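Have the model open in your viewer and keep the sequence beside it. We'll take a walk through a few of its contacts.

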Amino acid sequence: MAGDLAIQTAIVTGGGSGVGAELARTLAAAGVTVFIAGRRMAQLEKVAAESALVFPVAVDVTDQASVEGLIQTVVKQAGAPDLVIANAGMAESAPFDRTTLDVWQKNMDVNLTGTFHTFQQALRVMDVAKPARLIAIASTAGLKGYGYVAPYCAAKHGVVGLVRALAAEFASSAITVNAICPGFTDTPMLAQSIANIAQKTGMSEDAARASLAKINPQNRFITPREIAATVLWLCSEHAGSITGQAISVSGGEI
């Protein structure tokens with residue numbers, strides 16, 4: 001599908017594990033040169049070792065200069081990107097009255113400001129006359145509320161709002177802007193959440209896992225591959241009029 005739009009160069013933040021790593025594998029298999037970015041270089045290098053088309057770049061998405069450096073690195077090595085995926089994210093759970101300002105700010109910095117930096121710096125080098133895609137990996141938490149993760153929900157709602165604003169601003173260009181909003185997805189971040197629930201509630205990890213899976217009407221977790229397939233569809237020529245959307249991949253939860 002990538003060839004339908006002549007997508008040649010992609011950036012995936014948070015590319016060292018989970019959804020980001022699967023996105024890199026899927027795009028590389030489609031012939032796209034992929035730059036995966038994140039803070040843990042060892043993880044990025046491990047993913048990059050799987051394909052000659054995947055390249056690791058250290059970045060802190062919360063730091064504007066760091067993201068600018070990422071974009072400059074990509075431009076020097078492969079030209080301006082025509083697919084940019086803001087995937088880096090984090091989540092911590094706590095009752096709202098025990099949520100510290102530090103946790104709140106960290107969620108905003110990584111999930112929302114990180115997307116802002118990624119898209120803004122990319123748009124400064126992208127050709128608005130050439131078909132291209134900006135995609136944010138948001139969450140169903142950007143479409144509804146969940147208890148005990150208020151900062152995460154607020155940040156992801158902000159990501160969806162940013163996507164809709166940029167889609168309107170760039171509607172006359174060849175660039176589309178969309179969000180993919182998965183439900184609970186089988187990733188290392190989910191495993192951490194399950195362990196946290198088990199520790200705080202006394203549940204077994206199996207019971208905690210089952211309780212989260214039930215939130216999806218299909219009684220299962222979303223797979224990273226399903227998210228990657230949605231990205232490929234958005235990159236096809238048949239999705240050229242799809243912009244400003246928050247696409248729920250959640251088994252009917254949303």
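What follows goes through two helix pairs, some salt bridges and one valine.

First, some housekeeping: this is a predicted model, so local features need pLDDT of at least 70 and side-chain atom pairs count only at pLDDT 80 or more, while totals for chains, interfaces and linings use all residues. Residues are numbered from 1 along each chain as its sequence is written, and side-chain values use heavy atoms, with hydrogens and water left out.

Start with helix 4 (residues 101-123) and helix 5 (residues 150-169), whose axes sit 8 Å apart at an angle of about 20°. Helices here are DSSP runs (H or I, at least four residues), strands are too (E, at least two), and both are numbered from the N terminus. The axes are lines fitted to C-alpha atoms, for helices over the stretch in contact, and angles run from 0 to 180 degrees between N-to-C directions. That angle makes helix 4 roughly parallel to helix 5, a label for angles under 35 degrees (over 145 is roughly antiparallel, 65 to 115 roughly perpendicular, and the rest oblique). Helix 4 passes helix 5 in a right-handed crossing, meaning the near helix is turned clockwise from the far one by less than a right angle; anticlockwise would be left-handed.

Who does the touching? Contact means heavy atoms within 4.5 Å. On helix 4 the residues include Val103, Trp104, Met108 and Phe119, and on helix 5 they include Pro151, Tyr152, Lys156 and Leu166. By class, this contact has 15 nonpolar residues, four polar and one charged. For this sorting, Ala, Val, Leu, Ile, Met, Phe, Trp, Tyr, Cys and Pro count as nonpolar, Asp, Glu, Lys and Arg as charged, and the others, Gly among them, as polar.

Now swing over to helix 6 and helix 7, which pack at about 115° with their axes 8 Å apart. Their crossing is right-handed as well. Leu190, Ile194, Ala195, Ile197 and Ala198 of helix 6 meet Glu205, Ala208, Arg209 and Leu212 of helix 7. That contact holds seven nonpolar, no polar and two charged residues.

Arginine 209 has another job to show you: it forms a salt bridge with aspartate 186, the closest N and O atoms being 3.1 Å apart. A salt bridge is a side-chain nitrogen of Lys or Arg within 4 Å of a carboxyl oxygen of Asp or Glu. Arginine 209 is in helix 7 and aspartate 186 in the loop between strand 6 (175-182) and helix 6, 23 residues apart.

How many salt bridges are there by this rule? The count is eight. In one of them, aspartate 82 pairs with lysine 130, with 3.3 Å between the closest N and O atoms. This pair also links distant parts of the chain, 48 residues apart. Aspartate 82 is buried at 2% relative accessible area, whereas lysine 130 is partly exposed at 32%. Buried means under 20% relative accessible area, exposed over 50%, and partly exposed in between (1.4 Å probe, protein chains only).

Finish at valine 61, in the loop between strand 3 (54-58) and helix 3. Is valine 61 buried or exposed? With 10% relative accessibility, valine 61 counts as buried. Leaving aside residues up to four places away in sequence, valine 61 touches Thr13, Val67, Ala88, Val110, Thr113, Gly114, His117 and Thr118.
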